[in-house]
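Please read the report below with the model open beside it. It goes through one chain as a whole, then two helix packings, and then a few single residues.

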Amino acid sequence: MRPIALLVVAAFVVFLWMPGGAASDGSTELFIEVPEAVSLGEEFTVSAVLREHATGLPGHELVFTRGTLYGSIEIGRQITDADGRASVEVSISSGGRVVLSVSFGGEGVLRSSRAASALAVGGAAPPGPDFVSILFVGAVVAATIGVVWACYAFVLVQLWEIRHEGRRPAEGHGRNKTDR
Amino acid sequence: MSDDTLVADLLRPIRRTTRAYWALILGLGLVVSVGVFAYLLQLRSGLQVTAMRNQVSWGIYIANFVFFIGISHVGALMSAILRLSGAEWRRPITRMAEAVTVCSLAVGAAMPIIDLGRPDRLLNVVTMGRLQSAILWDFLSIFTYLTGSVLFLYLFLIPDVALMRDRLTRLGPWKRKLYRVLSLGWTGTANQKRRLERSIGVMTLLILPIAISVHTVVSWIFAMTLRVGWNSSIFGPYFVAGALFSGVATVLLAMAVFRRTFHLEKYITERHFRNLALILLVLDLVYIYFTINEYLVVSYKMESSESLLLQALYTGEYAGMFWAIQFFGLIVPAVLLAIPRTRTSTAGIIVAAVLINGAMWLKRYLIVVSSLAAPGVPIDWGAYFPTWVEWSITAAGFAGFALLFALFAKVFPIISIWELREEKPEAEREAVPSPSEART
């Protein structure tokens, strides 16, 4: 009986050591890598690794999202490489703390998993396309409105003169004389 | 018709006040009072008493703003274009159009301030406004247009105010003082006439580009964004066409009301209705053209974010409103105005004008609300239906417009007397004694 017992124990130990032996539960792990801080508009890489018991899972689609005031927005989808790694290029144009997430939806016996990490977005906004100088726009707007108001001023001067004329002593002009 | 009859007819509404007029003023005043109460409630409790929320952050107030600014164009454009083109038949109706402009601008300009929630923040537009912001452009252009429209209306009033100063000597002291101040001592000297003509010439030329630019800028507060439904390059002319369309319809309604209540059948004739009906028909066709262009191009491309909104408009939540606007607001009026029998009947024209104004208000509501309700990010559609506070303030806006118009017609002649006199043959005018001679 003793050799048989030893064989059973040895077989059990070998079974436990067998690669993938414990993966039969299908549980997966996701790890997300993001920089701690970036500048507004700066392009950076978000990476994620999908593993099953420390082994990278290749050929699976990962979905990258970012949190907003209204909910999550998808920022990209990528298939994992031979090491179970996938990455997307992102740039964020609103400042503050931003949460980036990655999720694996599950496939076959593999269960879904998700990971998230926050980063700080700060600094000055990147300059926009500078095709028209704001000073030029300002000058055009000010000149246009200036011309209109100058015309109003001209009309007001005419009204002032009409009033001035009306206050003069009657020089042969009766009231409403021409109102025929 | 003698000169005295003309003056007597057109000054009669100012001399006499009927009970029906007071009843109208009382009714309109009551509606305005309810709106003022609702606004005070909104001031005290904040915008939470409205249905506007994060997603649909503009609602019925901004729809009212676009509608009233739209109809305000008719005074400037109709009056200036008809004057420049020398259309003599315009004379009895231009004052009404100019009054529509000032009254609707006053109501329209108040709407964004009501929408702000805290009116004191209006000052921020001046102190912290950014030149890149369409809101600042809007503020500048509307303020400039309001000033220009008041001047434009006033210039044409001066000779008539002087006539009232001399003729209506039995009126109350405040009215006599008002006429004395506003007449600027007008006696009709050659020098005064020359200066008035010069001012009118300048303002007639100036008011046209200002009016067009104002509604173009109003359209830009939508079109300068990338939002679905608003991201359009033809919004400027589309809005200007819509503004003229609803404006001419409003003038037709005003003509019908004043003609009946002030017994002005001799001055506002079937010919005026027919001519304006033809202009309205042309504007209807232009607006149909713009509408087809706007929706056909977007529908053909069916960009993914636009498709959500288009589905909601064509077959979804907003389909009833969308198709009602096209059918009752554009097609039915076009048919009514195209068929000679209805085009030459005042009733047919009035029905068309009412349908057009109703549809144009709904159109502005649809432009504002449906685009904001459409989700720009992966979330649900926004929900918006105005609360009683918003409806009350809206009703007060319309009543306020009518009230201002009714008060204007009580203080000033609704038809330009001196312009109508100028239309008469020279020989006939010479034969009539001047007002001062007639009194003595």
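Domain bounds, as used here, come from an automatic or database domain assignment. On that basis chain A is divided into domain 1, residues 26–122, and domain 2, residues 129–166. The centres of domain 1 of chain A and domain 2 of chain A, taken over C-alpha atoms, are separated by 56 Å.

This is a predicted model, in which local features need pLDDT of at least 70 and side-chain atom pairs count only at pLDDT 80 or more, while totals for chains, interfaces and linings use all residues. Residues are numbered from 1 along each chain as its sequence is written, and chains are lettered from A and ligands numbered from 1 in the order in which they are written.

Helices (H or I, at least four residues) and strands (E, at least two) are DSSP runs, numbered from the N terminus. Chain A has 2 helices and 9 strands, and from the N terminus on its elements run α-β-β-β-β-β-β-β-β-β-α. Two residues are in contact if their C-beta atoms, placed from the backbone, lie within 7 Å. Of the contacts in chain A with a separation of 6 or more, 58% are accounted for by residues 24 or more positions apart.

**Two helix packings**

Two packed helices are described by the angle between their axes and the distance between the axes. The axes are lines fitted to C-alpha atoms, for helices over the stretch in contact, and angles run from 0 to 180 degrees between N-to-C directions. Angles under 35 degrees count as roughly parallel, over 145 as roughly antiparallel, 65 to 115 as roughly perpendicular and the rest as oblique.

Helix α2 (residues 134–167) of chain A packs against helix α9 (residues 190–223) of chain B at an angle of about 160 degrees, with the axes 9 Å apart. That makes α2(A) roughly antiparallel to α9(B). The contact involves, among others, Phe154(A) and Leu159(A) of α2(A), and Leu196(B) and Val202(B) of α9(B). Its residues divide into 11 nonpolar, 5 polar and 4 charged, where Ala, Val, Leu, Ile, Met, Phe, Trp, Tyr, Cys and Pro count as nonpolar, Asp, Glu, Lys and Arg as charged, and the others, Gly among them, as polar.

Within chain B, the axes of helix α7 (residues 134–167) and helix α8 (residues 173–182) come within 8 Å and cross at roughly 140 degrees. Helices α7(B) and α8(B) are therefore oblique to each other. Their contact is made by Val161(B), Met164(B) and Arg165(B) of α7(B) together with Tyr179(B), Arg180(B) and Leu182(B) of α8(B), and by class it has 4 nonpolar, no polar and 2 charged residues.

**Single residues**

A residue is buried if 20 or more other C-beta atoms lie within 10 Å of its own, exposed if 12 or fewer, and partly exposed in between, with C-beta atoms placed from the backbone. Buried residues make up 14% of the 180 residues in chain A.

| Residue | C-beta neighbours inside 10 Å | Class |
|---|---|---|
| Phe139(B) | 18 C-beta atoms | partly exposed |
| His53(A) | 13 C-beta atoms | partly exposed |
| His263(B) | 12 C-beta atoms | exposed |

Phe139(B) lies in helix α7 of chain B, and its C-alpha atom is separated by 36 Å from that of Ala23(B), 116 residues apart along the chain. His53(A), in the loop between β3 (43–52) and β4 (55–56) of chain A, has a positive phi of about 50 degrees although it is not a glycine. His263(B), which is not a glycine either, has a positive phi of about 55 degrees, and lies in the loop between α10 (235–261) and α11 (270–301) of chain B.
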